[in-house]
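User: Take a close look at one loop position for me, then show me how the rest of the model fits around that view. Keep it relaxed, but give me the cut-offs.

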Amino acid sequence: MSQEHPGRRRRVGRRTVSLLAPALAGGLVLSYGTPVQAAPQDAPPGTSRQAQQTFTDGLYVVQLADRPVATESSTAPDQGERLDTATDAVREYVRHLKREREKVLDAVRGVKPLYTYQYVLNGFSAELTAGQATALSRTPGVLSVAKNMVSHPTATPTAEAGTAAAAGALAPADTAKFLGLEAKGGLYSKIPGGQKRAGEGTILGVIDTGIATANPSLKALPEPRPDAAVIAKKWKGSCDPGVDLAHLVTCNNKVIGAQYFNKGVAAPKPDDWASPMDAEGHGTHTATTAAGDTGVNATVPDSGIAGPIRGLAPAARIAAYKVCWTDGCFTSDIVAAFDKAVADGVDVINYSVGGPNDEPANRPEYMAMFNAAKAGVFISASSGNSGPGTGSNGLPWVTTVAASTHDTGYRGTLTLGDGKTYDGVSIAAQGVPSAPLVDGAEAARSGVDATAAGQCQPDSLDPAEVKGAVVICARGGNARLDKSAQVKAEGGVGMVLYNVSAADEEVADAHTVPSVHVPLAAGEAIKAYAAGSGATAALTAAKAVKQQAPQMAGFSSSGPDLNSGGDLLKPDITAPGVDIVAGTAAHGTFPGDQGMMSGTSMSAPHVSGLALLLRQLHPDWSPMEVKSALMTTATTKDNAGKPIQRSGKAATPLDYGAGHVVPNTAYDPGLVYDSTSADWVSYLCAIGQPPLTEDGVDACATAKKTDPSDLNNPTISVGDLVARQTVTRRVTNVTARTGVYTATVEAPAGYTARISPKTLRVPAGGSATYKVTFTRTDAAYDTWAFGSVTLADQRHTVRSAVSLRAAPLKAAAEAAGKGRTGSVTLAAKSGFDGTLTAKVSGLYAGTTKTGTLTGTQKSFDPSKLTAASAKTEVTVPENTSLARVGILPSDHLKGGDLDLWVFDAEGSLVSALPVRGSAEHVDLGPGTYQVYVSQFALPQGATSQKYTLHTWLVGPDTKADRQATVTPAKQSVTSGAGPKVKVSWRDLKAGGAYVGVVHYGRGTETVGATTLTVTP
């Protein structure tokens, strides 16, 4: 990644602001949650001047300066080892953390922690007033004060509602068989005792909605257990039955731990039981998918599905950590669960929870995962269910899993009165004999919109029209299961559900009336027939069929990764996540011991289960080595030998990462791509989201300087390749003998690729490095292209997916100049052959507003302004090409500290978080903004000062105050060349600052821009 790419913008929260120009910044550019660790001018030594948002009353996660146990040098596990919390060193260090935490708490009156964190994050969470939050943010030893945020499970219940299931002959999909685990030479055959002992000696941690310990898939394992001593040595957790007497849990030798974390829930709902008991079924489903018992007879409500099910690692133990409630899963609870799970001794954590895909990688819960992985715990996380370009959990230290299909499909047939038939997805236990066919859109209740009735929304259908009929319902507007429930409520006997987009896929839902789900084209034909008189239809009971698989689920979230701008390929891998039958909760929201669900929530536990097996077989492998083994042995072909599809087209690495899991070859991958926490720190620094460290310590000052594309990931991705780029990778031999590997490259279309060396000799346990140089030839700009790097010896094929996106130019987003008369030379890198043009708009002096600020306002609150803060309203017209507000240190007292706060019309903060000193600015889009200048600190002896707020609004008709010139205006360039342009100016007025924009062009196409700030 290049941080100079003109199209790359840095995010603050979920918004964007341009990078600070050096002339204005004087400090660090920030992303949300990344404090500046520098002391204010009027603060005592050691005070951390944090960049923070304005604080309101609420729940916060407070991170403290000392390292947590997992990363402190005296207590952290060695590479490849696990954290042991039972040592004297850990106990002493925990006491030290407690003493330092108490110092912070003593400094701010009235703060009472809800949780304290010490193993994977050092800090606490607490309900804070705005004043307490502000005071803590200024307290020595505090690194960050982050607002509690909400995430959600990533699954869709497709077969959980209703009463007892009708008997049927639809067998649940056997994903263990689909993955080849029980085949000759399969992974189960590598385990002494086979499938029944698969996962033995390992512990799965499930951070989710809790667990229903009475589920048949979680019954006690036969005693005596061969792994009893192994488990006893590593397990340090406990079973909390809860305090809700109606929903207590009871652990056994299968579910050996259960905890619940609900202090982040502001307003508990009736189903938010104070217990680890699963009220919803999601956590039980993920746990039993990964590690449920074998040979459990399943019956899925409201369907014809019945038959045996099993988890992938049936002999593994399970520890459940309930963090998800009716309103979601909250940061404070999630961090507490990771802290406890790592301390308890789990080997693998399943995290089927997703948040927004634009949250920075250094948020508290993500850093808890960082340190959990450093402590030796493998983390499998879902990529999300929002479709292309929406991937979440895009973190190098976790394995991010997409969702795809398995080879068992369920089909039903609709026969119209004219004899035409349409196949669709169905799990109906019974059919429907010929009955009237009614379009919901034509059967609306009086006064109900036809669109709502067409979607079969609640109370939208006229019972007189649909009673005894098969009803056609459009997808969208409400949940799919709610549509059939509405049909049944009004007396309908069947349903035809049709897609409203050709990109949608059909889903096997357990509807409350026999139903079939058909694609758009079939739906339109069925609707056309129903418009005639006397239309009838009949439905068959569902049948199970073998289908071509895997195919990517349409809902599965894909890349590119936003934090890295595509320089990290996410998701990492795909696994079965559609129509998965597993254990659920036989009470509460979804009655029944088993249910069918779809989502990346279901694919992540498949990878968790496989990780348990690999950790059982290779206990010395690090989490990243397990991840690499799964990724480099994955396949991009389906069971017919054809490319994996998505919505009728070939899927790409943005959809499935390395491909679909092939666990049997992952057992012996030959080579692995390992990475350490030091590598992850370098990556975070490279993407501008550095981890929080001790007061005054810049983690990036000592981190290895690297491009994020050079993170030693098992895949290769460059999100802004200009002309050419060389990527470096390191492989480690995990076999017992020297390997000689031949390296080959499949260059993405539009590129050439050269790998060096072409032969790697890697000794047993040793490592080797190779480099690949990619050169663009005719690849389209801003478009992804895909290839691969393969290392092969006589026994192993180690494949890495390659994803490249070309950019036409690399140029600085910001530049600065000084002097009333002067010039500055701007360097760029060309990604094309031809003519590069350059022209400059401006320079513009802008306008100023002045006033006097008296005293300081340490806790800025726009609703409670003091004499230390001033407000201005700024409106940016639609046709404005550059809009900027800013404050300059040259206008203000040396040693003072002014902050700039900008809020949009909805009251959301859109400015970068304040930094030390009086050099800040914000670039704005069209709209009206409230702009505040607030005096955080004054130099010693001063009680007030005059402030100056600068505003630059540049539109197509704005006349430059001084016209700068740029030379050359045109120049011939070749791909890979480093053209330079010189921007000159004369006779600027002293004081203030001038702003202009240099536009770069390729013919009539603008390919980049540099904003120039000149301080005379």
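Analyst: K864 sits in the loop between strand 46 (847-854) and strand 47 (869-876). Helices (H or I, at least four residues) and strands (E, at least two) are DSSP runs, numbered from the N terminus. This is a predicted model, where local features need pLDDT of at least 70 and side-chain atom pairs count only at pLDDT 80 or more, while totals for chains, interfaces and linings use all residues. Residues are numbered from 1 along each chain as its sequence is written, and side-chain values use heavy atoms, with hydrogens and water left out.

K864 counts as exposed because its relative accessible area is 58%; the cut-offs are under 20% for buried, over 50% for exposed and partly exposed in between, using a 1.4 Å probe and protein chains only. From K864 to P663 you cross 201 residues in sequence and 60 Å in space, C-alpha to C-alpha.

For a contrast, try T213, in the loop between strand 9 (203-208) and helix 5 (228-234). T213 is buried, as its relative accessible area is 10%. Its neighbours, leaving aside residues up to four places away in sequence, are L218, V249, T250 and V255, where a contact means heavy atoms within 4.5 Å. The T213 side chain also reaches the backbone oxygen of T250 at 3.3 Å. That is a polar contact: a pair of N or O atoms within 3.5 Å, where, within protein, one must be able to donate a hydrogen and the other to accept it, and residues adjacent in sequence count only if both atoms are side-chain atoms.

Now for two helices. Helix 13 (residues 600-617) is mostly covered, with 17 of its 18 residues buried. End to end, first C-alpha to last, helix 13 reaches 26 Å, close to the 26 Å expected at 1.5 Å a residue; the expected span is 1.5 Å times one less than the number of residues. Q616 belongs to helix 13, and its side chain reaches the backbone oxygen of R197 at 3.0 Å. Beyond residues up to four places away in sequence, Q616 touches I191, R197, A198, G199, E200 and T202.

Helix 7 (residues 331-344) reaches 20 Å from first C-alpha to last, close to the 20 Å expected. Since 13 of its 14 residues are buried, helix 7 is largely enclosed by the rest of the structure. Just past helix 7, G345 takes a positive phi of about 110 degrees.

Stepping back, the protein chain holds 18 helices and 57 strands. Its radius of gyration is 30 Å, which agrees with the value near 31 Å for a compact globule of 1016 residues; the radius is taken over C-alpha atoms, and the globule rule is 2.2 Å times the number of residues to the power 0.38. Buried residues make up 60% of the chain. Of contacts between residues at least 6 apart in sequence, 75% join residues at least 24 apart.

Last, how far to trust it. pLDDT, the predictor's confidence in each residue from 0 to 100, averages 90 over the protein chain, and 92% of the residues score at least 70. Residues 159-168 are below 50, and that stretch has 34 contacts in the model beyond near neighbours in sequence. Residues 1-53 stay under 50 too, with 197 contacts beyond four places in sequence.
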